[in-house]
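Subject: Structure for you to look through

Dear colleague,

I am passing on the structure we spoke about, and I would be glad if you could keep it open while you read my notes. Please look at it first and then go on to the text below.

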Amino acid sequence: ITTAISVRAEMSEEKVYKGRCYCGACTYEVKAKKPLESVLCHCNECKLSHSAAVYFAVYVWGDDFKLTSGEPTFWIPKTMADLEKPSSGKLARAFCPTCGCRICNRVRTSPEEAKARGGLPEDFKGEYVEQWGVFPANIWHTYEEVPEDWRPKCHNWVSQTLLGGLVDDGLPKYLRAFWETDSRIPSKK
């Protein structure tokens, strides 16, 4: 039997953030002081699934996410090659069946990948690690409202960007995923 984990560093003042789809039929709560990852992704898969030039996603542990209303439709690519998928693991993308809005991602990765990303405790026992990706635009309306810890920490997959010369925002940029440290683009000084 596979198991997911819930690991929480010492989290004082844990808050509950409420997100929703465009029409409000699907709602969720995220309960975490600090997310596992917060990235701006430029990969082809994310652009296609979100219909946008860049994709702002924040990931939390499986137990920190809860659907509170509605029954989203989950779509899972048949194979990684279907969309030349740059990420690994089992990814399911959730959409509202009423308005079609993207709601969240459910990601199940191997303990090895989670460890490489810096998110797995030494005593973990299980076959996969479950995380949920949420989109700050479904929770907050302006950048100023996004808590500091939830703001983007880097740009992933700039090798597939539609934006040409990226905005020089000072965030680290990676040709592929941020956990592939050899893909980091040196910063301009």
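What follows is an account of what was found, arranged by topic.

Please keep in mind throughout that this is a predicted model.

**The sheet of three strands**

A good place to begin is an open sheet of three strands, which are arranged in the order 1-2-5 with antiparallel pairing. Strand 1 (16–20) and strand 5 (65–69) stand at the edges, and because each has a single partner strand, one side of each is left without a neighbour in the sheet. On average, and with direction ignored, neighbouring strands of this sheet are turned by 25 degrees against each other. If you look at the pairing of strand 2 (residues 27–31) with strand 5, you will find four bridges in the antiparallel sense, and Thr 27 is a residue to look for there, since it stands opposite Ser 69 in strand 5.

**Strand 9 and its partners**

Strand 9 (129–134) is mostly covered, with six of its six residues buried. In a regular strand the side chains alternate between the two faces of the sheet. For strand 9 both faces are covered, with Val 129, Gln 131 and Gly 133 buried on one side and Glu 130, Trp 132 and Val 134 buried on the other.

Strand 9 is joined to strand 4 by four bridges, and these two strands run antiparallel; within strand 9, Trp 132 is the bridge partner of Val 60. Strand 8 is also joined to strand 9 in an antiparallel manner, through six bridges, and here Val 107 stands opposite Gln 131.

Glu 130, which lies in strand 9, deserves a second look, because its relative accessibility of 12% falls under the 20% limit and it therefore counts as buried. The side chain of Glu 130 is joined to that of Trp 132 by a polar contact of 3.4 Å.

**The nonpolar cores**

Which residues touch the most other members of the largest nonpolar core? The core has 20 residues, and the ones in question are Tyr 28, Val 30, Val 60, Phe 65, Ile 103, Val 134 and Trp 150. Two or more residues are given to this core by each of strand 2, strand 4 (55–61), strand 8 (102–109) and strand 9. Val 134 is a useful residue to follow, since, leaving aside residues up to four places away in sequence, it touches Tyr 28, Val 30, Phe 56, Ala 57, Val 58, Phe 65, Ile 139 and Trp 150. There is also a second, separate core, made of eleven residues, among them Cys 43, Ala 57, Val 107 and Ala 177.

**Tyr 55 and His 42**

Tyr 55 has its place in strand 4, and it counts as buried because its relative accessibility is 2%. When residues up to four places away in sequence are not counted, the residues that Tyr 55 touches include Val 39, Leu 40, Cys 46, His 50, Arg 93 and Phe 135. The side chain of Tyr 55 makes two polar contacts that you can look for, one with the side chain of Arg 102 at 3.4 Å and one with the side chain of Asn 105 at 2.8 Å. Although Tyr 55 and His 155 are 100 residues apart along the chain, their C-alpha atoms are separated by 9.5 Å.

His 155 appears again in a polar contact of 2.9 Å, which joins its side chain to that of His 42. His 42 lies in the loop between strand 3 (37–41) and helix 1 (44–50), and with a relative accessible area of 0% it is buried.

**The cysteines**

How many disulfides does the structure hold? The number is zero, and two of the cysteines may help you to see how this comes about. For Cys 43, the closest cysteine sulfur is that of Cys 46, and because the two sulfur atoms are 3.5 Å apart, whereas a disulfide needs them within 2.5 Å, they are too far from each other for a bond. Cys 104 is in no disulfide either, and its nearest cysteine sulfur, that of Cys 26, is 8.7 Å away. Both residues count as buried, Cys 43 at 2% relative accessibility and Cys 104 at 0%.

With best wishes

Technical notes. Residues are numbered from 1 along each chain as its sequence is written. This is a predicted model: local features need pLDDT of at least 70, side-chain atom pairs count only at pLDDT 80 or more; totals for chains, interfaces and linings use all residues. Side-chain values use heavy atoms; hydrogens and water are left out. Buried means under 20% relative accessible area, exposed over 50%, partly exposed in between (1.4 Å probe, protein chains only). A polar contact is a pair of N or O atoms within 3.5 Å; within protein, one must be able to donate a hydrogen and the other to accept it, and residues adjacent in sequence count only if both atoms are side-chain atoms. Two strands pair if DSSP finds at least two bridges between them. Axes are lines fitted to C-alpha atoms, for helices over the stretch in contact, and angles run from 0 to 180 degrees between N-to-C directions. A nonpolar core is a set of buried Ala, Val, Leu, Ile, Met, Phe, Trp, Tyr and Cys residues joined through side-chain atoms within 4.5 Å. Contact means heavy atoms within 4.5 Å.
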